[in-house]
Each structure stands twice: as C-alpha cells, then as structure tokens.
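Student: Could we go through this structure together, one region at a time?

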Amino acid sequence: MSKSSKDINIRKKIEKMFDADIYNRDSLIRFSAGEDLLTILNIKNQEKVLDIGCGTGKVTSEIFKTTPKAKIIAIDISQDMIKKARQEFGDTSIQFICHM
C-alpha cells in the first residue's frame with residue numbers, strides 16, 4: 001500500500017470518528033473546560049492565538065468574542081469539524097484550517 005493510500009485510509013477513519021453534530025451535542029464538558037482555560041490564559045486583544053484541535057469552533061468563538069482584534073488560527077484534523085465551524089463562525093476573522 002502506498003503512502004498516499006494509507007493517508008486516505010487514515011483520513012476516512014478519522015472522519016468516521018468525528019461527527020460534528022454529535023460532537024456539538026456532547027460537548028458541554030469540553031466547552032466548560034475550555035472556558036476555564038480561557039480565564040487562566042487571559043488572552044490579550046492583539047495577541048496571536050493558535051487553537052489546535054478546535055473541533056467545531058465553540059471555544060475558538062469565545063476567544064474571538066473576548067479578543068476580537070486577536071489573530072486566531074484554528075486547526076482540526078476533521079474536515080467535518082472545520083466545515084461546521086465555518087458554518088457557525090465563518091463571518092468572523094477566525095481562520096479555520098483542516099490539517100492532518
């Protein structure tokens with residue numbers, strides 16, 4: 001099996017694992033933990049933020065709400081998560097990227 005076909009198989013497995021609608025429905029604990037982390041981090045308005053594993057962007061959007069002038073890049077390995085994040089928060093300056 002070539003490297004590219006292995007990559008495709010891995011990506012398909014990941015997509016099956018991360019359904020954005022289920023993730024959002026069951027994300028209360030993750031979101032609460034993310035809010036707590038934001039309080040601790042105390043991000044300033046002009047800072048650069050890299051959100052790795054952003055999921056559907058709920059915590060990322062909270063970063064944007066408190067620091068709208070920050071440059072925010074949000075990355076996730078799931079195309080479905082990034083698609084959902086762009087649908088929900090695409091009208092912001094947040095840059096959502098799918099990368100594996």
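**Burial and contacts**

Tutor: In this predicted model, Thr56 is found in the loop between β1 (48-52) and α4.

Student: Is Thr56 buried or exposed there?

Tutor: Thr56 is buried, because its relative accessible area is 1%, below the 20% cut-off.

Student: Which residues does Thr56 touch, leaving out those up to four places away in sequence?

Tutor: Thr56 touches Ala20, Tyr23, Asn24, Met81, Lys84, Ala85 and Phe89.

Student: Turning to Val59, where is that residue found?

Tutor: Val59 is found in helix α4, which spans residues 58-66. Its relative accessible area is 22%, so Val59 is partly exposed.

Student: What does Val59 touch, with the same sequence neighbours set aside?

Tutor: Not counting residues up to four places away in sequence, Val59 touches Arg30, Phe31, Gly34 and Leu38.

Student: And how are the C-alpha atoms of Val59 and Lys6 separated?

Tutor: Those C-alpha atoms are separated by 32 Å, and the two residues are 53 residues apart along the chain.

Student: New topic: how many residues are in the largest nonpolar core?

Tutor: That core has 13 residues, and the ones with the most contacts inside it are Val49, Ile63, Ile72 and Phe96.

Student: Which elements each supply at least two residues of this core?

Tutor: β2 (71-76) and α5 (79-89) each do so. The element giving the most is α5, with three residues.

Student: Finally, what does Phe96 touch beyond four places away in sequence?

Tutor: Phe96 touches Cys54, Gly57, Thr60, Ala74, Ile82, Ala85, Arg86 and Phe89.

Conventions:
Residues numbered from 1 in each chain as written. Predicted model: local features only at pLDDT ≥ 70, side-chain atom pairs only at ≥ 80, totals over all residues. Heavy atoms only, no water. Core = buried A, V, L, I, M, F, W, Y, C linked by side-chain atoms within 4.5 Å. Buried < 20%, exposed > 50% of the residue type's maximum accessible area, 1.4 Å probe, protein only. Helix = DSSP H or I, 4+ residues; strand = E, 2+ residues; numbered from the N terminus. Contact = heavy atoms within 4.5 Å.
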